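Good morning, and thank you for joining. Please look at the model on the screen while I go through a few of its side chains.

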Amino acid sequence: MNPFESLGLRHDGRTLWVLDQTQLPDAELWLDGSEPDAMIALIQRLAVRGAPLIGVAAAASLATFVQRGASATAYASACAALRAARPTAVNLMWAMDRMKAAADPEAEAQAIFEEDVRLCEGMAVHGSALIQDGEGILTHCNTGGLATAGIGTALGVLRRAHEQGKRIHVYADETRPLLQGGRLTAWELMKLGIPATLITDSMAALLMRDGKVQRVLVGSDRVAANGDFANKVGTYGVAVLARFHGVPFHPVAPFSTVDLACPNGAAIPIEERDPAEVRGYGSLRWAPEGMPAWNPSFDVTPVDLVTSLVLDRGVYSAEKLRSGVLASLLG
Ligand code: MRU
């Protein structure tokens, strides 16, 4: 493999390293993800996470496995196991299907990495054109350089608008239960010097009532053919709030997140995680041991709550999405 590097992923030509996102923002610890079994565990415990990044990382792990002499049978079973590591983000399945069909896995993994960087640029170009000087913009979860091989989806758009000199202020939802907003988006925003304020998820309504939010930008783990989309749990609630307060609401995603095989949001599989993640975090527990808890990791926002979808190739209104534009673009 040729060496490559992004904010959360590094290949030195022999070994694939992933930044352990569970340790951020306090420690920058790099772990070996060269073996597919190790990568599956890293993906499942969200050491490597974000829809595009898990596809890129799984592909790079498979390519390194081949480089180290994996047999065709071992490659095929590792590819199937990686594909099933997390169920909602379709980028993982998209990348594994490409790797399964690839004649040259190393070249294919490299291409997937480079393509993701370019897709982020496309989203940044189209999304930043929507943003006006002086806007307050709410975002949810982490959608930046940590979640992709490039500058990100929704956060990449915000970064580009800031670089263009637009005076934006970002409000970052902390994103219960695993705090991707509080730990990861806050870390990226501070590194980038983008003016921002962290809020708990339950403060978004008040912020909108007070007129502080002019736009909402979020990422997506899977966009259905009709424009319904899955994203980190809590996104649907933000979309409902945005509609009530008349705030434009935009998912931002690369085409690799669109799944035309899902006719609508009801067909998107939703990952359910360990209820212990709701009762506490790390070694800290605040609910009684054994208290029943529900932990869907994603929710589905219906297209009716979407103002427009920002893709790498353009911006598409809810009306266009409902009329099947995605199938005509990508089918
Ligand atoms: O469970 P995670 O942290 O992988 O969830 C990530 C998200 O929900 C992001 O918003 C999504 O992957 C799209 S942005 C890259």
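Cys120 is buried, with a relative accessibility of 0%. I should say at once that this is a predicted model. Does the structure contain disulfides, and if so, how many? The count comes to 0. Cys120 itself takes part in no disulfide, as the nearest cysteine sulfur, in Cys141, lies 15 Å away. For Cys79, the closest cysteine sulfur belongs to Cys262 at 19 Å, and because that is too far for a bond, the two are not linked. Cys79 is buried as well, at 4% relative accessible area.

I turn now to His140. Where is this residue found? His140 lies in the loop that runs between strand S5 (136-139) and helix H6 (154-163). Its relative accessible area is 1%, so His140 counts as buried under the 20% cut-off. The His140 side chain makes a polar contact with the side chain of Asp173, at 2.8 Å. The side chain of His140 also reaches a backbone atom, the oxygen of Val233, at 2.8 Å. Beyond four places away in sequence, the residues that His140 touches include Thr175, Asp201, Leu217 and Lys232.

Lys232 leads us to the aromatic rings. Its charged end sits over the ring of Phe298, 4.2 Å from the centre. Another such arrangement involves Arg10, which lies over the face of Trp30 at 3.9 Å from the ring centre. As for rings paired with one another, a search of the whole structure finds 3 aromatic pairs.

Key:
Residues are numbered from 1 along each chain as its sequence is written. This is a predicted model: local features need pLDDT of at least 70, side-chain atom pairs count only at pLDDT 80 or more; totals for chains, interfaces and linings use all residues. Side-chain values use heavy atoms; hydrogens and water are left out. Helices (H or I, at least four residues) and strands (E, at least two) are DSSP runs, numbered from the N terminus. Buried means under 20% relative accessible area, exposed over 50%, partly exposed in between (1.4 Å probe, protein chains only). A polar contact is a pair of N or O atoms within 3.5 Å; within protein, one must be able to donate a hydrogen and the other to accept it, and residues adjacent in sequence count only if both atoms are side-chain atoms. Contact means heavy atoms within 4.5 Å. Rings of Phe, Tyr and Trp (its six-membered ring) pair if their centres lie within 6.5 Å; planes under 30 degrees apart count as stacked, over 60 as edge-to-face and the rest as tilted. A charge sits over a ring if NZ of Lys or CZ of Arg is within 6 Å of the ring centre and within 35 degrees of the ring normal. A disulfide is a pair of cysteine sulfur atoms within 2.5 Å.
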